[in-house]
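Dear colleague,

I am handing over the structure we spoke about, with my notes on it below. Please read them with the model open beside you.

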Amino acid sequence: MKLGTVMNSKILIVEDEQKLAELHRDYLQKSGYTTAWLADGLQVISWVRENSPDLILLDLMLPGKDGLDICKEIRTFSSVPIIIVTARVEEIDRLLGLELGADDYICKPFSPREVVARVKTVLRRSAPQTDEEQQLLVLDEERYQATLKGTNLDLTPVEFKLLSIFSQRPGRVFSRNQVMDLLYSDQRIVCDRTIDSHIKKLRKKIAIAAPELELIHSIYGIGYKYEPSP
């Protein structure tokens, strides 16, 4: 079921270089995906609202509207996976893209096979969970209780909210600033070390309940992501 969902997906290519867009299209279609192409940034938002793609390959430097602005606006109404594809290689652009809600970031030059591989990975992460995956971690939002493989994790309210934030978007990389904004809606001032300390304690409790699993991964220089792996 999961595989069929991934392979029949509709991919929107947002790229103003026609040859590059055609290259993406050809490789994605050979891999079993349906594709659509837009070259003008001003057309993207309305197209996404009307057609609901399963994933967006988004260039940043576009005529009409910048890719970062497009990403930010899409996130106000949709959680569709977004992979940013761009020639901007500076760390600040990469961080900003992830801050605005992108799921992955590919810097030019790259191989078309790499793009297809990234698309498969992101779609797999965003596909509906199987019954087995749903039973792995169970969150009771009313009681602030979390069970992992049937074991109660005994989390504090902050630790529970952290785990809830991460697990709702498997594979999504969250920066520390994003975690702070989502964790503290009252906009209180919290330092990075406080977030790191909460995550360290959460990881310790997860390790006690299921030492063979690693749920929360550190992404060097950026933040954290949730992805169950042995």
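Helices and strands are named here as DSSP runs, a helix having at least four residues and a strand at least two, and they are numbered from the N terminus. In that naming Gly67 lies in helix H4. Please keep in mind throughout that this is a predicted model.

As for the overall picture, the protein chain has ten helices and eleven strands, and buried residues make up 45% of its 230 residues. Among the contacts between residues at least 6 apart in sequence, 58% join residues that are at least 24 apart.

To stay with Gly67 for a moment, this residue counts as buried because its relative accessibility is 0%, and the cut-off for buried is under 20%. Apart from residues up to four places away in sequence, Gly67 touches Leu58, Asp59, Leu60 and Leu62. Its C-alpha atom is 9.6 Å from that of Val44, a residue 23 places away in sequence.

Val44 leads on to helix H3, which covers residues 44-51 and in which Val44, Ile45, Trp47 and Val48 are buried. These buried residues cover an arc of only 165° around the axis, which puts them on the same side of H3. The face turned away from that buried side carries Arg49 and Glu50, which are exposed. The cover over the buried residues of H3 includes strand E1, strand E2 (34-38), strand E3 and helix H4 (67-74). Just after H3, Ser52 takes a positive phi of about 45°.

Helix H6, at residues 112-126, can be treated in a similar way. With 15 residues at 1.5 Å a residue, H6 should span 21 Å, and its end C-alpha atoms are indeed 21 Å apart, so the expected and the modelled spans agree. The buried residues in H6 are Pro112, Val115, Val116, Val119, Val122 and Leu123. Seen down the axis of H6, they fall within an arc of 135°, so they line one face of the helix.

I also looked at internal space. A search of the whole structure finds one cavity of 30 Å³ or more, and the largest cavity has a volume of about 30 Å³. Its lining is formed by Ile13, Val14, Glu15, His24, Leu57, Leu58, Asp59 and Val85. The elements that give two or more residues to this lining are strand E1 (10-14) and strand E3 (55-59), and E3 gives the most, with three residues. By class, the lining of the largest cavity holds five nonpolar residues, one polar residue and two charged residues. Two of the lining residues, Leu58 and Asp59, also appear among the residues that Gly67 touches.

Further along the chain, several loop residues may be worth a look while you have the model open. Glu141 sits in the loop between strand E6 (137-140) and strand E7 (145-148), and counts as partly exposed because its relative accessibility is 44%. Leaving aside its neighbours within four places in sequence, Glu141 is in contact with Phe160, Ser164 and Gln168. The C-alpha atoms of Glu141 and Ser164, which are 23 residues apart along the chain, are separated by 8.6 Å.

Which backbone angle draws attention to Lys149 and Asp154? Lys149 has a positive phi of about 55° although it is not a glycine, and the phi of Asp154, likewise a residue other than glycine, is positive and near 55°. Lys149 is found in the loop between E7 and strand E8 (151-152), whereas Asp154 lies in the loop between E8 and helix H8 (157-167). With a relative accessibility of 48%, Lys149 counts as partly exposed, while Asp154 has a relative accessible area of 58% and is exposed.

Finally, Ser175 belongs to strand E9, which covers residues 173-175, and Ser175 is buried, with a relative accessible area of 7%. Not counting residues up to four places away in sequence, Ser175 touches Glu99, Ile222 and Gly223. Ser175 and Glu99 are 76 residues apart in sequence, yet their C-alpha atoms are 6.6 Å apart in space.

With best regards

Key: Residues numbered from 1 in each chain as written. Predicted model: local features only at pLDDT ≥ 70, side-chain atom pairs only at ≥ 80, totals over all residues. Heavy atoms only, no water. Expected span 1.5 Å × (residues − 1). Buried < 20%, exposed > 50% of the residue type's maximum accessible area, 1.4 Å probe, protein only. Arc of directions from axis to C-beta. 1 Å grid on protein atoms, 1.4 Å probe; cavity = no way out; pocket = protein on both sides within 12 Å on 5 of 7 lines; lining within 4 Å. Points joined across faces, edges and corners; volume = space filled by probe spheres on them. Nonpolar A, V, L, I, M, F, W, Y, C, P; charged D, E, K, R; others polar. Contact = heavy atoms within 4.5 Å.
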